[in-house]
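Here is a friendly walk through parts of one protein model. Have a look at it first, and then we can go through a surface patch and a pair of helices.

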Amino acid sequence: MQASNDILPATGPAIILVEPQLGENIGMVARAMANFGLSELRLVNPRDGWPSEKARAAASRADHVIDAATVYDDLASAVADLNFLFATTARARDNFKPVRGPVEAGRALRARQRSGQRTGILFGRERFGLYNDEVGLADEIVTFPVDPAFSSLNIAQAALLMSYEWMKSGLEDETKTNFSSPDMMPATKEQLHGLFAYLEGALEARGYFRPAAKKPKMVDNLRAVLTRAGFAEPELKVLRGIISSLDRFSPAMPRGDGSPGDDPRRLPAAARAAKATDKDQA
């Protein structure tokens, strides 16, 4: 099937796969594209023909990319309408083309797209990538900072990395994510000091601070650990509930064996100590 030159303007760079061998790889490329807002897939002489049910299955519902994919007989035809083209490669080439990393390449593509240019990213065969004359059709090279001892990337992996950099380059804040952690109010010092006092009383009743001469240092260490994280109010409530449960229940008197008020032994250790003191003074 020969593609028509009447292609609607794309919202991002075209992804061009040169002689892809496996339909599964084409489908995974389509999925990666859809993850990051790209939709124009061009295939140059796919080995197993097109369309491909294996590609559609591997695309995991990125059907809009698969359905719109166009097939070309040669690379020159596939890139003829583009104003700028990156070629991806992991090998040094004997030419004078500029070489960029993926972050810089993503930003360059975004700038050209905003100026109205049509752009593309060229990916080679699964087994050996692109020939030198195919790289020669590109304007610049993009390569990834991989381990030189194992630099080969699957084309879907490479497409995912470039699609991600394309998406990221269009964000107002490149560190922004689609969702974030809950917005929790930091605990007040009063709440934090209350937790300290409660925990210290429970530990004191259980003889944790031994020998007694080391108690001040042990208390300092305990407070240092609990203040390092910068707790939010709900987190302190969780911690206090845990301490309360440990303080009230034991293997000898487990939870479910009556309510805490049924037996004075179930009172928190600090409360039991205070109650004993009151009795002695009576």
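## A surface patch and two helices

Leu-246 counts as exposed because its relative accessibility is 60%; exposed means over 50%, buried under 20%, and partly exposed in between (1.4 Å probe, protein chains only). The model is predicted, so local features need pLDDT of at least 70 and side-chain atom pairs 80 or more, while totals for chains, interfaces and linings use all residues. Numbering starts from 1 along each chain as its sequence is written, and side-chain values use heavy atoms, without hydrogens or water.

Leu-246 belongs to helix H10 (residues 233-248); helices here are DSSP runs (H or I, at least four residues) and strands are E runs of at least two, numbered from the N terminus.

Now to the spans of H7 and H1, where the expected value is 1.5 Å times one less than the number of residues.

| Helix | Residues | Expected span | C-alpha end distance |
|---|---|---|---|
| H7 (residues 155-169) | 15 residues | 21 Å | 21 Å |
| H1 | 13 residues | 18 Å | 19 Å |

At the N-terminal end of H7, Asn-154 acts as a cap, with a side-chain oxygen 2.7 Å from the backbone nitrogen of Ala-156. Buried residues of H7 include Ile-155, Met-162 and Trp-166. Among the elements covering them are strand S1 (14-18) and helix H1 (23-35).

In H1, the buried residues include Ile-26, Val-29, Ala-30 and Met-33. Their cover includes S1, helix H2 (53-58) and H7. After H1 comes Gly-37, which has a positive phi near 80°.

Definitions and conventions:
Contact means heavy atoms within 4.5 Å. A polar contact is a pair of N or O atoms within 3.5 Å; within protein, one must be able to donate a hydrogen and the other to accept it, and residues adjacent in sequence count only if both atoms are side-chain atoms.
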